[in-house]
Amino acid sequence: MSAPTDCLPMKRAGKKEPAVKIRTYEYHESVLVTETLRCLAPGPGKVIVDGTLGGGGHAAQLLAAGARVIGLDQDPEAIAHARKLLHGAGESFVAVRSSFTKLGEALDSLGIERIDGGLLDLGVSSHQIDDPARGFSFRENGPLDMRMDPSAPLTAADLVNVMSGEQLERIFRKYGEEPAARRIAARIVRDRMVKPFTTTLELADAVEAVVPRHGKTHPATRIFQALRIEVNRELDALAEGLGQFTRRLAPGGRLAIIAFHSLEDRMVKTFFKAHSAQWIDRPEWPEARPNPDYIFKPITGKPIVASAEEQRDNPRSRSAKLRAVERIPYAL
């Protein structure tokens, strides 16, 4: 099914871009904002959950379109920033410190049964990356942390200093798709016997000692991605979140997800496809059968990517992929 025109860039004469009433990038520059709004179709009377509130960029535009927005985030700094940014929205905006994996609990606490839209903008916010104290990046030295929720029990330092070489290799291969996973894991195990890893640059230097740097991409990039995913259980959280949003979407409700790396995007694509096929067939069956999991119709065909202009202005948007679906009216 091809994507509807409200989810694609406007090219027809006479069409104007939606008005932008709040635009601030001091905390985090949201990606694919216009495209996301077209997919979610916000409006007065609609309740939309932004499950990854971040700096409030997407939420601001959803509110400007007249929707009521429930924002979830496990990072207290993000919650505080969004509340300050969107304080003028009054009762139309509620910020809850919670992971989107606990969407049901959050909605129950607010007395909300069904929602008209859901958004997940996956990955790490610009603010989290730029703050050395959070330990997500090795551009500056900082503690080897990587927790999106600062109250979570395990840090990246805990993993690299405690896990076996085999466990580290598995994480680097699975979540970082790192070809040199075994050699890097072995180097980490050797180095930590002399001194435990405590900072981001210590780990980045250990990786670079195994895989010399060539080109613009630092060899530690995949390792940091893998550790971040493991620390925050990102793929497990995504799987749980997909189920939570699916159960709460009202008939005609829409779900939009922005992914930044292939593992997340593949999971979203597979989930949407499995729930958007009206019929399923297998070689051993005499004929196709109705799909018991059929609850969505696709809004996007191929994933939507950022325009050349946005990619130029915000390099982070280059890897972003947006997919969206709509809950069919007769599937509850």
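## Helix packing and salt bridges in a predicted model

Helices α9 (residues 200–210) and α10 (residues 221–232) pack with their axes 9 Å apart, at an angle of about 130°. Because this angle lies outside the ranges that count as roughly parallel, roughly antiparallel or roughly perpendicular, α9 is oblique to α10. The crossing of α9 past α10 is right-handed. The structure described here is a predicted model.

On the α9 side, the contact involves Thr-200, Leu-203, Ala-204 and Val-207, and these meet Ile-223, Phe-224 and Leu-227 of α10. By residue class, the contact of α9 with α10 comprises six nonpolar residues, one polar residue and no charged residue.

Charged side chains pair elsewhere in the model. How many salt bridges does a search of the whole structure find? The search finds 18 salt bridges. Three of them are set out below.

| Acidic residue | Basic residue | N to O distance |
|---|---|---|
| Glu-77 | Arg-134 | 3.8 Å |
| Glu-169 | Arg-173 | 3.1 Å |
| Glu-234 | Arg-228 | 2.7 Å |

The side chains of Glu-77 and Arg-134 meet in a salt bridge at 3.8 Å, N to O. Glu-77 belongs to helix α3 (residues 76–85), while Arg-134 sits in the loop between α5 (126–130) and α6 (156–162), so this pair ties together parts that are 57 residues apart in sequence. Glu-77 is partly exposed, at 35% relative accessibility. Arg-134, in turn, has a relative accessible area of 7% and is therefore buried, since buried means under 20%.

The salt bridge between Glu-169 and Arg-173 has its closest N and O atoms 3.1 Å apart. Both residues lie in helix α7 (residues 165–176), where they are four residues apart, about one turn of the helix. Is Glu-169 buried or exposed? With 14% relative accessibility, Glu-169 counts as buried. Its partner Arg-173 is partly exposed, with a relative accessible area of 38%.

In the remaining pair of the table, the side chains of Glu-234 and Arg-228 meet at 2.7 Å, N to O. Glu-234 and Arg-228 are both buried.

Which residues are joined into one network by salt bridges that share partners? Asp-75, Glu-77 and Arg-134 are linked in this way. The network thus includes the pair that connects helix α3 with the loop between α5 and α6.

How values were computed:
Residues numbered from 1 in each chain as written. Predicted model: local features only at pLDDT ≥ 70, side-chain atom pairs only at ≥ 80, totals over all residues. Heavy atoms only, no water. Salt bridge = Lys/Arg side-chain N within 4 Å of Asp/Glu carboxyl O. Helix = DSSP H or I, 4+ residues; strand = E, 2+ residues; numbered from the N terminus. Buried < 20%, exposed > 50% of the residue type's maximum accessible area, 1.4 Å probe, protein only. Axes fitted to C-alpha atoms, helices over the stretch in contact; angles between N-to-C directions. Parallel < 35°, antiparallel > 145°, perpendicular 65-115°, else oblique. Left-handed = near helix turned anticlockwise from the far one by under 90°. Contact = heavy atoms within 4.5 Å. Nonpolar A, V, L, I, M, F, W, Y, C, P; charged D, E, K, R; others polar.
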